[in-house]
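Reader: I'm new to this one. Could you take me on a close look at the part around the ligand, and show me what surrounds it?

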Amino acid sequence: MSDKAILEYGGKRYEFPVIKGTEDELAIDIKALRAETGMVTIDPGYKNTGSCESAVTFLDGEKGILRYRGYSIEELAEKADFLEVAYLLIFGELPNKAQLAKFHNDIKEESQVDEEMKKILDGFPKSAHPMGVLSSLTSALVAFNPTSVDVSSETAMYNSIVRILAKFPVLVAWTLRKKKGLPLDYGDDSLGYVENIHKMMFKRPNQDYKKDPIAIDALDKLLILHADHEQNCSTSTVRIVGSSHAGLFASLSAGISALWGPLHGGANQAVLEMLEAIEADGGDTKKYMAKAKDKDDPFRLMGFGHRVYKNFDPRAKIIKKAADDVLGNLGIQDPILDIAKGLEKEALEDPYFVDRKLYPNVDFYSGIIYRALGIPTEMFTVMFALGRLPGWIAQWREMRLRKEPIGRPRQVYIGENLRSFVPLEKR
Ligand code: SDX
């Protein structure tokens, strides 16, 4: 097959290189398109446009494949822990024992958050959405860690990475505890990374922390499943903000805001609200299926559909099974899970969904587990952000180390042609 793509327009013939990735994906390299043809491409939502070459995560939407640095999500979810996966995504290889221990110790060294940050948190009303609080606190961290990442120094980059991996879980826990009116707790360096997160989130001030292996294992698996997903909306945001050489924390703050949207990470909260509405409505799933298919109704079946997966989202399969396991192990009977399974069954038999290749995505079942773990619905997307943090870091680091140019898309102007100014008295 030729490694060139031909474009013919206006009686002229242009050739552009075709590049092939390590999984045989093909792309037309149009870096010279405007210089050679005077034209640009247009592709709202970038459905057909690659923004970069990346070695972090591989997706195959048709086959329902997801791999982090070449390892399948199924193996990682089964055999790895979240801190190992974070190291793998960021540095490209699974850590050996010494590397993992050093990584965790370096993170523990950075796990204090300046007490002044509590004043910023205090400024928010309890009713504030946790994603808005978290985005603000992450941006505020820059004020207390002013060194913007000097990417030319691996040490400076590493220090910034362990700093945010240490402090972000504290901010997540503080955001939850603020909402619950609980004192803002610090972690316990004797615990594992995810165990410590669970303690910071759930330790009650008047009780000793009781380890809950089922909950911690479920949380660890969910964080792994959310850890990266190539060039999704929030990751692309982190990359484009970082491409202006804004610091890592500022770029992450922007990513949190992008993830907040209900079409993206905010869908896990919207799914639970949808399932609760269906339950309150007597479990009438057919009514909501009809609404989802009605073009005049803005309602969408939240947790269904995906820009890339036109097959099952592999994460949804793993989370669906985990939901059964966790609720079973915790002895929880949640009617919401039965409603979700009923909705999935109906949708997978409905031509509207089948024709559009709409399957459950990562957000469809995750909230059912978060709820079983005692996490409030409004915190679901915060948990998504906590999981996605190492992926955002990995992608940001790759973008900077590869010296990618500042992101600046072109457009096709469709406004007014040149016209003269009209003085106020004549308008
Ligand atoms: C995440 O990109 C990532 O990787 C994201 C993510 C990650 O890990 O980072 O996987 C996380 O964001 C998962 C997606 C969570 N969002 C939702 O669950 C919200 C509901 N889903 C949709 O809004 C939608 O499916 C998107 C946003 C996920 C994808 O939208 P696309 O690719 O732009 O597809 P589209 O809106 O053009 O839809 C194509 C057709 C349309 O119908 P027609 O105009 O062809 O008749 O499918 C319909 C849509 O109306 N459709 C739905 C639907 N999703 C798409 N109809 C009803 N319910 C839905 N959920």
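Author: Here is a walk around the ligand, followed by a short stop at a pair of helices. Keep in mind that this is a predicted model.

Let's start with the neighbours. The ligand has 25 residues around it, and the ones that come nearest are His229, Arg300, His306, Arg315 and Arg388. Sorted by class, that shell holds 10 nonpolar, seven polar and eight charged residues.

Now zoom in on single atoms. His306, already on the list of nearest residues, has a side-chain N or O atom 2.6 Å from an oxygen atom of the ligand. Tyrosine 352 also uses its side chain: an N or O atom there sits 2.9 Å from a ligand nitrogen. With leucine 301 it's the backbone, where a polar atom lies 2.8 Å from a nitrogen of the ligand. As for cover, the ligand on its own would expose 1,100 Å², and the protein buries 79% of that.

Last stop, the helices. H6 (residues 130–144) packs with H11 (residues 248–260) at about 170 degrees, their axes 8 Å apart. Since an angle over 145 degrees counts as roughly antiparallel, that is what we call H6 relative to H11. Among the residues that meet are Met131, Leu134 and Leu141 from H6, and Phe249, Ile256 and Trp260 from H11. This contact divides into 10 nonpolar and six polar residues, with no charged ones.

Terms used
Residues numbered from 1 in each chain as written. Predicted model: local features only at pLDDT ≥ 70, side-chain atom pairs only at ≥ 80, totals over all residues. Heavy atoms only, no water. Near = heavy atom within 4 Å. Polar contact = N/O pair within 3.5 Å; in protein donor to acceptor, adjacent residues only side chain to side chain. Areas by Shrake-Rupley, 256 points an atom, 1.4 Å probe, with all protein chains shown as cover. Nonpolar A, V, L, I, M, F, W, Y, C, P; charged D, E, K, R; others polar. Axes fitted to C-alpha atoms, helices over the stretch in contact; angles between N-to-C directions. Helix = DSSP H or I, 4+ residues; strand = E, 2+ residues; numbered from the N terminus. Parallel < 35°, antiparallel > 145°, perpendicular 65-115°, else oblique. Contact = heavy atoms within 4.5 Å.
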